[in-house]
Amino acid sequence: MSARASRGSTAVNATVVTSQKVHEGRADEYQHWQERTNQAAREFEGFVGAEVYPPGAGEPNEWVTVFRFSAMDYLTAWLDSDVRHALLDEARGLFEGSPTQEVLQGGSPARQLAPEVVTAVISHEVKPGCEQGFLNWQEKTLREQEKAPGFMGSELFEPVAGVQSNWVVVFRFETRAYLDDWLASDVRTTLLEEGSKYFTSYDVRKVGSSFSGWFRFDHGEDRSAPPNWKQAMAVLLALYPTVMVLNLTVGYGLEKLDIREYIGLFLSNVLSVSALTWLLMPTVNRLLAFWLVPARVRTRRTQVLGTALVVFCYAVFIGVFGLITGQIF
């Protein structure tokens with residue numbers, strides 16, 4: 001691990017990041033299989049959590065899964081288990097080619113991130129005897145990354161003997177746009193040309209989810225992120241009444257006090273974001289967990305009912321605030 005990795009944790013975490021391209025039209029089958037796989041992993045000692053990330057822009061059909069265990073022995077027991085191998089054999093027809101994976105030992109403990117944060121996982125096959133040159137090149141790359149807009153941090157993971165032969169670097173940017181800008185930058189292109197003398201190949205995967213800081217299900221259920229369209233609908237469900245109530249109360253009061261509009265808007269935003277983060281979104285997540293948590297959406301009926309319920313709530317809020325403001329017609 002690099003010197004810039006977190007120094008606060010004494011636990012030796014173990015994580016496997018798997019990327020797999022699912023055949024067109026078989027995403028539903030894959031998700032059901034992945035739910036069963038996650039459930040099987042939960043039965044193994046040391047299991048901490050599982051996360052599933054659907055394809056993002058520019059990565060058609062590529063799903064990323066993350067399994068976390070409290071120690072490497074526990075993770076390897078899961079990876080080598082007959083249960084997992086049987087599940088992989090069962091799912092071979094779902095994937096385009098073989099899934100790829102990186103095993104990471106150590107690293108920073110999981111923490112809540114900002115809504116649009118996106119992570120890149122880059123695996124390098126380093127040439128024998130070039131390890132020190134690769135490390136020096138990686139330090140130089142990190143110094144350039146730190147100058148890039150939106151960069152949030154980086155961790156370097158060494159190979160794990162008998163488990164993972166590649167070196168893996170994981171870094172975060174505030175948004176996917178910032179990450180894409182860095183990956184396509186002239187600076188990085190030059191660095192890759194320089195680094196090619198130290199590694200024979202590298203592979204990039206992006207892991208991220210909109211509004212991820214507001215969607216945590218830490219009560220033993222599947223921790224997969226809901227699809228982005230559900231996240232957006234849930235946020236809107238909490239955001240619209242929050243903004244309306246603040247406009248009718250705080251906004252009216254600020255206007256009476258002759259507070260300048262740009263200051264009043266800032267204060268209203270502080271109140272609305274605070275209410276969403278610590279009060280309303282946890283409540284919405286809990287009430288709509290049957291529809292938001294991927295592991296619970298087992299039938300199309302649940303999907304339709306949850307969506308209809310959210311749309312119905314939209315209509316109710318619009319009607320109520322229309323009556324309050326006298327603008328219903």
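This is a short walk through one protein model, from the overall fold down to a few residues.

First, the ground rules. The model is predicted: local features need pLDDT of at least 70, side-chain atom pairs count only at pLDDT 80 or more, and totals for chains, interfaces and linings use all residues. Residues are numbered from 1 along each chain as its sequence is written, and side-chain values use heavy atoms, with hydrogens and water left out.

Now the overview. The protein has 10 helices and eight strands. Those are DSSP runs numbered from the N terminus: H or I of at least four residues for helices, E of at least two for strands. There are 329 residues, and 43% of them count as buried. Buried means under 20% relative accessible area, exposed means over 50%, and partly exposed is in between, with a 1.4 Å probe and protein chains only. Next, contacts, meaning heavy atoms within 4.5 Å. Take those between residues at least 6 apart in sequence: 72% join residues at least 24 apart.

Let's start at strand S1, residues 14-21. Gln-20 sits in this strand. Is Gln-20 buried or exposed? Gln-20 counts as buried, because its relative accessibility is 3%. Its side chain makes a polar contact of 2.9 Å with the side chain of Tyr-30. A polar contact here is a pair of N or O atoms within 3.5 Å; within protein, one must be able to donate a hydrogen and the other to accept it, and residues adjacent in sequence count only if both atoms are side-chain atoms. Leave out residues up to four places away in sequence, and Gln-20 still touches several others, including Trp-33, Asn-61, Glu-62, Phe-95 and Pro-99.

Thr-18 is in S1 too. Thr-18 has 9% relative accessibility, so it counts as buried. With the same sequence neighbours left out, it touches Trp-63, Val-64, Thr-65, Pro-99, Thr-100 and Gln-101. Now a long-range pair: Thr-18 and Arg-205 are 187 residues apart in sequence, yet 9.5 Å apart in space, C-alpha to C-alpha.

On to helix H1, residues 27-42. Its 16 residues should span 22 Å at 1.5 Å a residue, and the end C-alpha atoms are 22 Å apart, so the two agree. The expected span is 1.5 Å times one less than the number of residues. Tyr-30, the partner of Gln-20 in that polar contact, is one of the buried residues of H1. Others among them are Trp-33, Gln-34 and Glu-35. What do the buried residues of H1 pack against? They pack against S1, strands S2 (47-53) and S3 (62-69), and helices H2 (72-79) and H3 (82-91).

Take the H3 packing. H1 and H3 meet at an angle of about 175 degrees, with axes 10 Å apart. Axes are lines fitted to C-alpha atoms, for helices over the stretch in contact, and angles run from 0 to 180 degrees between N-to-C directions. That angle makes H1 roughly antiparallel to H3, a label for angles over 145 degrees. H1 contributes Trp-33, Arg-36, Thr-37 and Ala-40; H3 contributes Val-83, Leu-87, Leu-88, Glu-90 and Ala-91. By class, that is six nonpolar, one polar and two charged. Ala, Val, Leu, Ile, Met, Phe, Trp, Tyr, Cys and Pro count as nonpolar, Asp, Glu, Lys and Arg as charged, and the others, Gly among them, as polar.

Next, helix H4, residues 131-145. It has 15 residues and reaches 20 Å from first C-alpha to last, close to the 21 Å expected. Its buried residues include Phe-134, Trp-137 and Leu-142. H4 packs with helix H6 (residues 186-195) at about 175 degrees, axes 11 Å apart. That makes H4 roughly antiparallel to H6. The contact uses Trp-137, Lys-140, Thr-141 and Glu-144 of H4, with Val-187, Leu-191, Leu-192, Glu-194 and Gly-195 of H6. The classes here are four nonpolar, two polar and three charged.

Two last residues. Met-72 lies in helix H2. Met-72 is buried, because its relative accessible area is 9%. Its C-alpha is 6.8 Å from that of Gln-105, 33 residues apart along the chain. Thr-175 is in the loop between strand S7 (167-173) and helix H5 (176-183). At 23% relative accessibility, Thr-175 counts as partly exposed.

Terms used: Parallel < 35°, antiparallel > 145°, perpendicular 65-115°, else oblique.
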